[in-house]
Amino acid sequence: MCPFCNRHPESTEHLFLYYDVAQHIWFSSAWNLRPSPDYTPTMVDWFRFIWDLNASPYSEVLGFSSVTLEAIWKTRNEAVHNNSSPSLHRLILTIASSTSNFG
Ligand SMILES: [Zn+2]
């Protein structure tokens with residue numbers, strides 16, 4: 001089960017793209033990213049989509065995406081290994097502070 005919502009079977013795509021909080025994080029970014037199972041069903045599709053937004057390998061959107069994926073993964077691991085409920089507040093703060101240096 002997904003450690004965040006306890007409602008869906010855990011999958012990479014659910015965790016990083018379609019889980020409510022993940023969707024909120026992507027959508028509230030500067031790029032209003034909106035993962036959709038119709039257009040970006042797999043992580044590979046999502047990376048391709050992000051990559052196509054800007055061909056520059058060091059673009060801000062790539063930095064934001066890396067920080068977001070890493071923060072979600074760390075929060076998920078802490079929750080699973082400590083058998084605790086994930087701190088979504090801290091997750092969002094981590095992403096915000098890590099990306100405030102961009103631009
Ligand atoms: Zn979930």
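## Confidence

Across the chain of this predicted model, confidence is highest in α1, at a mean of 96, and lowest in α5, at a mean of 90. The chain as a whole has a mean pLDDT of 90, with 93% of its residues reaching 70 or more.

## Overall architecture

The chain contains 5 helices and 0 strands, and the order of its elements from the N terminus on is α-α-α-α-α. Taken along the principal axes, the box filled by the C-alpha atoms is roughly 40 × 30 × 20 Å. The radius of gyration of the chain is 13 Å, which agrees with the value near 13 Å that a compact globule of 103 residues would have.

Of the 103 residues in the chain, 20% are buried. Among the contacts in the chain with a separation of 6 or more, 43% join residues that lie 24 or more positions apart.

## The largest nonpolar core

The largest nonpolar core has 14 residues, and those that touch the most other members are Leu15, Phe16, Ala22 and Ile72. At least two residues of this core come from each of α1 (12-18), α2 (20-27), α4 (60-82) and α5 (88-99). In soluble globular proteins, nonpolar side chains tend to be buried together.

Leu15 gives a closer view of this arrangement: leaving aside residues up to four places away in sequence, Leu15 touches Cys2, Glu10, Ala22, Ile72 and Arg76. Two of these partners, Ala22 and Ile72, are themselves listed with Leu15 among the core residues that touch the most other members.

## Helix α2 and its two faces

In α2, the buried residues are Ala22, Ile25 and Trp26. These residues lie on the same side of α2, because the arc they cover around the axis is only 95 degrees. From there, the buried residues of α2 pack against α1, α4 and α5.

The face of α2 that is turned away from this buried side carries Asp20, His24 and Phe27, which are exposed. A reader inspecting α2 can therefore set Ala22, Ile25 and Trp26, which share one side of the helix, against the exposed residues Asp20, His24 and Phe27 on the face turned away.

## Helix α4 and its partners

Helix α4 has 23 residues, and the distance from its first C-alpha to its last is 33 Å, close to the 33 Å expected at 1.5 Å a residue. The buried residues of α4 are Phe64, Ser65, Thr68, Ala71, Ile72 and Thr75, and they pack against α1, α2, α3 (43-53) and α5.

Thr68, in helix α4, counts as buried because 21 other C-beta atoms lie within 10 Å, where the cut-off for burial is 20 or more. Not counting residues up to four places away in sequence, Thr68 touches Ile25 and Ile95; of these, Ile25 is one of the buried residues of α2. The C-alpha atoms of Thr68 and Leu17 are separated by 10 Å, although these two residues are 51 residues apart along the chain.

Leu69 also has its place in helix α4, but with 18 C-beta neighbours inside 10 Å this residue counts as partly exposed. The C-alpha atom of Leu69 is separated by 6.5 Å from that of Phe16, and these residues are 53 residues apart along the chain. Phe16 is in turn one of the residues that touch the most other members of the largest nonpolar core.

## Two asparagines with positive phi

Asn6, which is not a glycine, nevertheless has a positive phi of about 55 degrees. Asn6 is found in the segment before α1 and is exposed, with 9 other C-beta atoms within 10 Å, where 12 or fewer is the cut-off for exposure.

Asn83 likewise has a positive phi of about 55 degrees without being a glycine. This residue follows α4 and belongs to the loop between α4 and α5, and with 8 C-beta neighbours inside 10 Å Asn83 counts as exposed.

Terms used: Residues numbered from 1 in each chain as written. Predicted model: local features only at pLDDT ≥ 70, side-chain atom pairs only at ≥ 80, totals over all residues. Core = buried A, V, L, I, M, F, W, Y, C linked by C-beta atoms within 7 Å. Helix = DSSP H or I, 4+ residues; strand = E, 2+ residues; numbered from the N terminus. Contact = placed C-beta atoms within 7 Å. Arc of directions from axis to C-beta. Rg over C-alpha atoms; globule rule 2.2 N^0.38 Å. Expected span 1.5 Å × (residues − 1). pLDDT = per-residue confidence, 0-100.
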